[in-house]
Amino acid sequence: RYVLEGSVKRSGDDVRVNANLADAQTGISIWSEQFDRKMTDIDFLVQDKIVGRIVAKIAGGYGVIEATEVKSARRKSPEQVSAYDLFQRAHAFLQWDWTPENFGTARAALKEAIAKDPSDPKARREWAWFSVLGWVFGVDYPPVPQKEIVTQAIKAVQLDPADAGAHKVAAFAY
């Protein structure tokens, strides 16, 4: 869905690395950055640092890709919403404001995602995780019963045994 492209230009002892992330469906650039270095500084360590900065910015939790997906999910009508969109909406509710209302809304979105795609381990994992956080920090009222949290966390592990996050959530749920 996304394309990362880049270039490397050299002028004397200076090297410029350009990186651009574009939405492959629309062709619109959603992030770009340039890195300037001296040729004498370029080694594998510097290359790894540049790659690490690019990956950290575009991927993972709250990176450019996830932020773009959240915006897209918010714009869709109820008929267009997929399980993944609901997963993204749930994250958007708890990104900045941890209130009982937001926890309830986020969990409801994840329950709907589970109903749309019962084989999706991420929605179950996140539902259990949000429930654990709500219980621990006292912002989820009434709190979800522990047995229910453990059941969803275990199901997430069963659906994707390689998901370290699902194992973490199961441990916290226990």
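Which residue in β3 stands opposite Val 15? Select Val 15 and look across to β3: the residue there is Arg 37. This is a predicted model, in which local features need pLDDT of at least 70 and side-chain atom pairs count only at pLDDT 80 or more, while totals for chains, interfaces and linings use all residues. Residues are numbered from 1 along each chain as its sequence is written, and side-chain values use heavy atoms, with hydrogens and water left out.

Next, select residues 14–23, strand β2 (strands are DSSP runs of E with at least two residues, helices runs of H or I with at least four, numbered from the N terminus). Nine bridges join β2 to β3, and the two run antiparallel; strands pair if DSSP finds at least two bridges between them.

Add 2–11 and 29–38 to show β1 and β3. The three strands form an open antiparallel sheet in the order β1-β2-β3. β1 and β3 are at the edges with a single partner strand each, so one side of each has no neighbour in the sheet.

Move to helix α5, residues 121–137. The largest nonpolar core (buried Ala, Val, Leu, Ile, Met, Phe, Trp, Tyr and Cys residues joined through side-chain atoms within 4.5 Å; buried means under 20% relative accessible area, exposed over 50%, partly exposed in between, with a 1.4 Å probe and protein chains only) has 23 residues. Those with the most contacts inside it include Trp 127, Phe 130 and Ile 149. Two or more residues each come from α4 (100–116), α5, α6 (146–159) and α7 (164–173). The most come from α5, which gives seven.

Finally, select Trp 135, also in α5. Trp 135 is exposed, at 56% relative accessible area.
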